[in-house]
Protein chains: 2
Amino acid sequence: MVRAGERAYAALLEEIQTGSLPPGTVLGEVEQAARLGVSRTPLREALRRLIADGLVVQQSPRVLVVSGFDVADIRALFEARRAFEETAARIAASRGDLAEFRELAAAFGDADPGDDASVDAYYALIERFDAAIDAAVANPYLTSALRTVRTHLARARRLARDNDARLRASVSEHRLIAAAIADGDAELAAHATHVHLHHALAAILTSLSEGTP
Amino acid sequence: MVRAGERAYAALLEEIQTGSLPPGTVLGEVEQAARLGVSRTPLREALRRLIADGLVVQQSPRVLVVSGFDVADIRALFEARRAFEETAARIAASRGDLAEFRELAAAFGDADPGDDASVDAYYALIERFDAAIDAAVANPYLTSALRTVRTHLARARRLARDNDARLRASVSEHRLIAAAIADGDAELAAHATHVHLHHALAAILTSLSEGTP
DNA sequence: AGCATGCCTTATGTATACAGTAGGTCGCAC
DNA sequence: GTGCGACCTACTGTATACATAAGGCATGCT
């Protein structure tokens, strides 16, 4: 039996990330507790965690709402990602598991997100890459910051669906980053990360501007 | 009437930061709730927040302890600080309130931590500097990361008390950083921050090695 | 004598009852 | 008719009762 608080957190996190609970949605304790089939106590715990994550904010002293997420937030998110991920890439190149990143570089080389079915494989690869980065940095302060931005990045992905061309380019960019880390080239790893984030942000902003002309 | 959960969090935070609750201390819910004069419900909220802060960890499925904080953690903390604060300094130089940082540079110039009484004034100045940085970056993701490292930095300060010479040097370093930001010199601000963090870490490590020979 | 197993204690996890406050609405007065 | 005020409702904040599981100790078996 998993804990009820965990289930409530996972459910709300998923719903906020996918947009099922849009920004501004009021999260009443009794209402959400009834909906998720848990008591108020574990639900409160879930809400507190979501507040700590920045996905829920206190609109007024006693009303919690799903936090907003607009273009300005996306820009801020990527500004933070630059700081966190460039540093992480640099550190990984200095003291990461070179064999793992060599394998990742090869896997990114094989990946072909042109196939619809392999998009999932692509995201699985990204997840493995992120895990390798976390293991390499071995720094709870940095890892925690990375975890937070990834949580919010999921919302950005939802807002702006990647197209095939962008996914293919992203794979290529990740291959370069992984290869640079495997070669112990910290500068290249950091700058390749910067370039990747630039393209990723540009793609998202373009997708958004096309979606709402 | 402030909320009980807030009081419990503030009390435990203070006690952990000052070392009154040393690392490894088991935090039983009923025990702490009774000690702090609150019920288990708000106490649990406080513990969850401390876990999110990284000041409390789950040792086993059902026992919470005050997290450890050793030399390795301090090194990791400063590694993260480099990433976060250099970026923050760079951003502040680009779009901060130049007048405020000009004032701060002047205030750091006047500060004289040689006086015992003015040590508090020094820390108040640091607090104002941090607030100015937060306002300048205006990025919740980065600000949140900065808040976390400051929370842990308080523990490091407790472990290694600064001496007068170090405080004087720190004031001078902050004056340079503030002046660089006021001049809009992002590169100097970032590098001066790097230098400051290097000296601060070195002073802490020296103090620790002297304390435990 | 040592180890394993089962029970018991005590903790956390959960649910619910109780209290207080904030916000809304209705009514009255100007 | 509009504005102010009081009451009322319904929510959060808090406390406590109940369920459940984990860990320790004791006892019995090998």
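**A tour of two protein chains and two DNA strands**

Start with the protein surface near DNA strand D, whose residues divide into 5 nonpolar, 4 polar and 8 charged. Keep in mind throughout that this is a predicted model.

**Stop 1: DNA strand D**

Select the 17 residues that surround DNA strand D. The closest are E29(A), R40(A) and R62(A) from chain A, with A4(B) and S39(B) from chain B. On the DNA side, take the atoms of strand D within 4 Å of the protein: 50% belong to sugar or phosphate, and the rest to bases.

Now show three arginine side chains of chain A. Which kind of strand D atom does a polar side-chain atom of R62(A) approach at 2.5 Å? It is a base oxygen. For R40(A), the partner is a base nitrogen of strand D, 2.8 Å from a polar side-chain atom. R44(A) points to the backbone of the DNA instead: a polar atom of its side chain lies 3.0 Å from a phosphate oxygen of strand D.

Colour the helices next. Those giving two or more residues to the surface near strand D are α2 (29-36) and α3 (40-53) of chain A, and α1 (4-18) and α3 (40-53) of chain B.

**Stop 2: DNA strand C**

Move to DNA strand C, which 16 residues surround. Here the closest are A4(A), S39(A), R62(A), E29(B) and R62(B). The surface residues near strand C divide into 4 nonpolar, 4 polar and 8 charged. Among the atoms of strand C within 4 Å of the protein, sugar or phosphate accounts for 43% and bases for the rest.

Zoom in on R62 in each chain. A polar side-chain atom of R62(A) is 2.3 Å from a base nitrogen of strand C, and one of R62(B) is 2.6 Å from a base nitrogen of that strand. Then select A4(A), where a polar backbone atom is 2.3 Å from a phosphate oxygen of strand C.

Which elements each supply at least two residues of the surface near strand C? They are α1 and α3 of chain A, together with α2 (29-36) and α3 of chain B.

**Stop 3: the largest pocket**

Hide the DNA and look for the largest pocket, which holds about 1,400 Å³ of space. Of its 49 lining residues, the closest to the centre are R49(A), A52(A), D53(A), A52(B) and D53(B). Two or more lining residues come from each of α1 (4-18), α3, α4 (71-95) and α7 (140-159) of chain A, and from α1, α3, α4 (71-95) and α7 (140-159) of chain B. Highlight α7(A), which gives the most to this lining, with 9 residues. The lining as a whole divides into 18 nonpolar, 14 polar and 17 charged residues.

**Stop 4: the two chains together**

Finally, superpose the protein chains. Chain A can be laid on chain B with an RMSD of 0.1 Å by a turn of 180° and a shift of 0.1 Å along the axis. The two copies are therefore related as by a two-fold rotation axis. Select the interface residues of chain A: 96% of them are also interface residues in chain B, so the copies meet through the same surface.

How values were computed:
Residues numbered from 1 in each chain as written. Chains lettered and ligands numbered in written order. Predicted model: local features only at pLDDT ≥ 70, side-chain atom pairs only at ≥ 80, totals over all residues. Heavy atoms only, no water. Near = heavy atom within 4 Å. Polar contact = N/O pair within 3.5 Å; in protein donor to acceptor, adjacent residues only side chain to side chain. Helix = DSSP H or I, 4+ residues; strand = E, 2+ residues; numbered from the N terminus. Nonpolar A, V, L, I, M, F, W, Y, C, P; charged D, E, K, R; others polar. 1 Å grid on protein atoms, 1.4 Å probe; cavity = no way out; pocket = protein on both sides within 12 Å on 5 of 7 lines; lining within 4 Å. Points joined across faces, edges and corners; volume = space filled by probe spheres on them. Least-squares fit on C-alpha atoms with pLDDT ≥ 70 in both. Contact = heavy atoms within 4.5 Å.
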